[in-house]
Amino acid sequence: MKKIQIFGLIIIAVAIGIIVSTAGDASTYVDFTKAKEMAQDGDAESIHVVGTLKKDASGHIIGMEYQPQVDPNYFAFTLIDNNQVEQRVVYKNSKPQDFDKSEQVVVVGKMKDGAFTAEKILMKCPSKYENGKMETTEHTAEQS
Amino acid sequence: MIHSTIGSAGHLLVIIAFVTALVATFAYFKASTAGITIDDAKTWKKFGRAVFYAHVAAVIGVVFSLYWIIGNHYFEYHYAWKNSSLSLPTGYTISSFWQDQEGSFLLWIFWNVVLGCVLIFTNRSWEAPVMTVFALVQAFLASMILGVVIPGLDLKIGSTPFLLLKEVMPDLPVYQMDANFIPKDGNGLNPLLQNYWMVIHPPTLFLGFATTLIPFSFAIAGLWTKKIQEWIRPALPWALFSAMILCIGILMGAYWAYETLNFGGYWNWDPVENSSIVPWLILVAAVHTMIIGRKNATALKTSFILTIATFILILYSTFMTRSGVLGNASVHSFTDLGLSGQLLIYLLTFTIVAIGLLIYRWKDLPSDEEEVSTYSQEFWIFIGATLLCLSGFQILATTSIPVYNKIAEAFGTVLNMALPADQIGHYNKFQLWFFSLIVILTGVGQFFWWKRTGKDKLQALYNPLLISLIISAAIITIQGVKEIQYIVLLTSAVFAIVANGTILINIIRGNYNLSGGAITHIGVALMLIGILFSSAYTKVVSINNSGLMISRSEEFTNNDNKENKENITLWLNKPEKMGDYMLTWRDVRVEPRKIPGYIPKSWVDIIEGDFHAVALRDIVVDGKKYNVKGDTIELFPENFYYEIEYREPSGRIFSLFPRVQINPRMGGIVSSPDIQRKVDKDLYTHVNMVTNPTAEPVWSQTENFTISMRDTFFVNDYVAILDNVVRTEQVEGVKLGDGDAAVKAVIRVLDKDKEYVVTPSFVIRDRMVARKPEVNNDLGMRIQFQEINPQTGQFSFAVNTTQRDFIVMKAIEKPLINILWLGTFVLVIGFIMATIRRFKDFIKMRDKENQSADKKPKIKVQAV
């Protein structure tokens, strides 16, 4: 076999390795029911859950907890997933800007001790800059 | 009055630009087709050039029209209304030009015409085939801003920036009352984009995008006219130039993010960021294979593939960022304008044509007779290029996850794939190793390239290797690098610097013109070291030690949680210990336009919805008096700066001013950091949450106290003592006449570690009573002197309390970040040197060819 062919084979092998590994690292969109099942099975993979904030009849968000005076790094809220399952979400960072205005929230994280611990929050808010459009913002709890 | 002429002119010019681009494509295509006479080819070429110049004129006209609309604040136009406002300073009016999709396409089109003209002037022999590709790209780009609806089909092509507000939002109720309604002011520019980097970053990036077209056009022209190897010489300087500009553009974006966004870094592996770095990596690989492509057939073939891939990837990234595919995944991609179909056609056309042509010509491409030796320069450069491609491939494979979902959707399956939860970890896992190998290869490759090494001559590498091992060992020990992957990366980068440095010294002795490559490689290695330390060894300084956590005991004991405590709360004027520093939030400041620095917010009264404020006192900055009380001054109404005083253990004091932007029309709070730059590290501070500085405080219900002198009372958990009531001659805001009498109460309020004195006054004037309350922001308290009772000798006070002002802030240290910026400069200098060298090379060859063509014109039958 020529050197170039061996070389080609190695490259293909590395490329396949990359694809497999990407597929392995890729997260999935699930709902809270599935998230709980995964936690019970001991699956510690981080997952994405899409949901909306719990609001009362007049459109006020309920169940939001943030007291920077007490702890600027503890923010908790209730999220309802697409199957109407409610779940308490804890985000150990400061409350993201414009959180109250968000129409849709994506939380990335896992179930832990009965609450969903979010490492990252993606929010879809009405765009500040364009009327009638939505924009996504991302907030990450630093890992150290 | 609606200025309809300029918009119609602009729209007409866009149509002209589109048509001329198509005509120029056809003319240049005819000129480069084989099998026509030389005279015909000449005529077609002349015609094509004339039409292209018309296109250039039209594009400049379009740019001028749009700028005229924005610059003159014609808010009847949707684009001007949406992206600019009266209060916008001139510099940022320019950036509002390309804030939106249409404007940024226009910017791209503009750069292409500039580059097209340069090519026509420098390169007559390649003009026809290269400009065919150029003009076709222009036709596609112009179609994006065409804004034409084909009647009958209801098919909209492009989105024009020249639409009137009335045409975009015809349902606004105001148009029923006044058909000629023109908004008084525009929406303004996204405050995050009001930054000098945002004035120069997009033009640079789009120049980078535009320049990738040149090597691509040459490659296509080379395949087409069967000048299989000759295209490299004119294309190489452009490829280098393109790699440099794109690199500067990407780094400017990174620097803007570092300075303005608050994620605490310069690179976030965001899909939009990735989509510009992938083409860059492939382009850099292409540059390397092009350098050896004239000697090595495999490298020649690879050069074709990579230059084509670079341009296709630019188109792909344009598609990803503008079609809305990434809408769920990225923070700063544009929203869909309904152009995704058009973009897809653009992407597919060039992909199919280029790949088709390449396959068609593949058998005509030369191949190597001999195996390439493991000890040859070509071999090592080739491996380096391959690694660059793999690195790019990995980033692309992950970034495209949302695209896989869309494709699966199109086939009726649901994939539900999401981007990796820990993106930074995911990318670093691969990229760290790729880049360790790549920088090692830059050193090894340079040794082979300059013929100092070969079979049986590997000992030339021993000295640099030994020196770099010693240096890295020293750095590892001093800086305390413990993780194996960082040790590897550091050692590789140090080796690259030493090896390239050795080469550099040797070439500089000979001809410094040739040292571009070595310098660029040193720049890359320096950047890697800077990135390694500044990101892997970032230290959070603002650890929350307040001890207030005890209230939530289970959380308190939780280790994981403890580590996440990275924000601290600061109260106005209340020192808090953070790491080695003592921190105090001192003030909120505003940014005047004509006065240097920031002035306290309390000095002025901001006029709502305007960019003016009234001075509440004489404005004196650094001993210079700028305004007297009552003057109206201009300021940036969106920007508030939080003065945070840092006291070092040595007692030295410095202040940082992280910014919070509030735009009442946009209704959001956006924070940006401030950075204390030191030689060895940056201290990076940003506020995450503030009490809204524009909102009026919400006061509690009034509480009344009637007390005697020296009495103690409790407000807002503080102990307050009425110390005295004294006669006063001066009351702020009240002019005292002869018969007037004024007293003020001296009330001492005891906080935990500080005493405050509050002095509300009570004025009797013409038998009328005036009560001047005093507000103390530090305590969140307002006290009003209500009554004096001469009979009982008691005094009444009305007290309201409010939430005390606070901020939540975060501070991080970024060690050795300056090495990253230093590396950037070195890299750019290297690129400039290499570009100049290759350009001189091309000019020399072109002039030689021209001479021989003049001598023997009959032999040059091939299409001119």
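Me: Which pattern of helices and strands does chain A follow when read along the sequence?
Reply: In this predicted model, chain A holds 2 helices and 8 strands. Taken in the order in which they occur along the sequence, these elements of chain A give the pattern α-β-α-β-β-β-β-β-β-β.

Me: What percentage of the residues in chain A is buried?
Reply: A residue counts as buried when its relative accessible area is under 20%. With that cut-off applied to the 144 residues in chain A, the buried share comes to 49%.

Me: How much area does chain A expose, and what percentage of it do carbon and sulfur atoms supply?
Reply: The exposed area of chain A is about 6800 Å². Of this area, the part supplied by carbon and sulfur atoms is 54%.

Me: In the open sheet of 4 strands in chain B, which are the edge strands?
Reply: The strands of this sheet in chain B are arranged in the order 19-28-27-26, with antiparallel pairing. An edge strand pairs on one side only, and in chain B this applies to strand 19 (703-708) and strand 26 (774-776). From one strand to the next, the twist averages 25°. The edge strands asked for are therefore the two that pair on one side only, strand 19 and strand 26 of chain B.

Me: Which residue in strand 28 of chain B is the bridge partner of Phe705(B)?
Reply: Strand 28 of chain B covers residues 794-801, and with strand 19 of chain B it pairs in the antiparallel sense over 6 bridges. Within strand 28 of chain B, the residue that serves as bridge partner to Phe705(B) is Phe797(B).

How values were computed:
Residues are numbered from 1 along each chain as its sequence is written. Chains are lettered from A and ligands numbered from 1 in the order in which they are written. This is a predicted model: local features need pLDDT of at least 70, side-chain atom pairs count only at pLDDT 80 or more; totals for chains, interfaces and linings use all residues. Side-chain values use heavy atoms; hydrogens and water are left out. Buried means under 20% relative accessible area, exposed over 50%, partly exposed in between (1.4 Å probe, protein chains only). Accessible areas come from the Shrake-Rupley method with a 1.4 Å probe; for residues, only the protein chains shown count as cover. Axes are lines fitted to C-alpha atoms, for helices over the stretch in contact, and angles run from 0 to 180 degrees between N-to-C directions.
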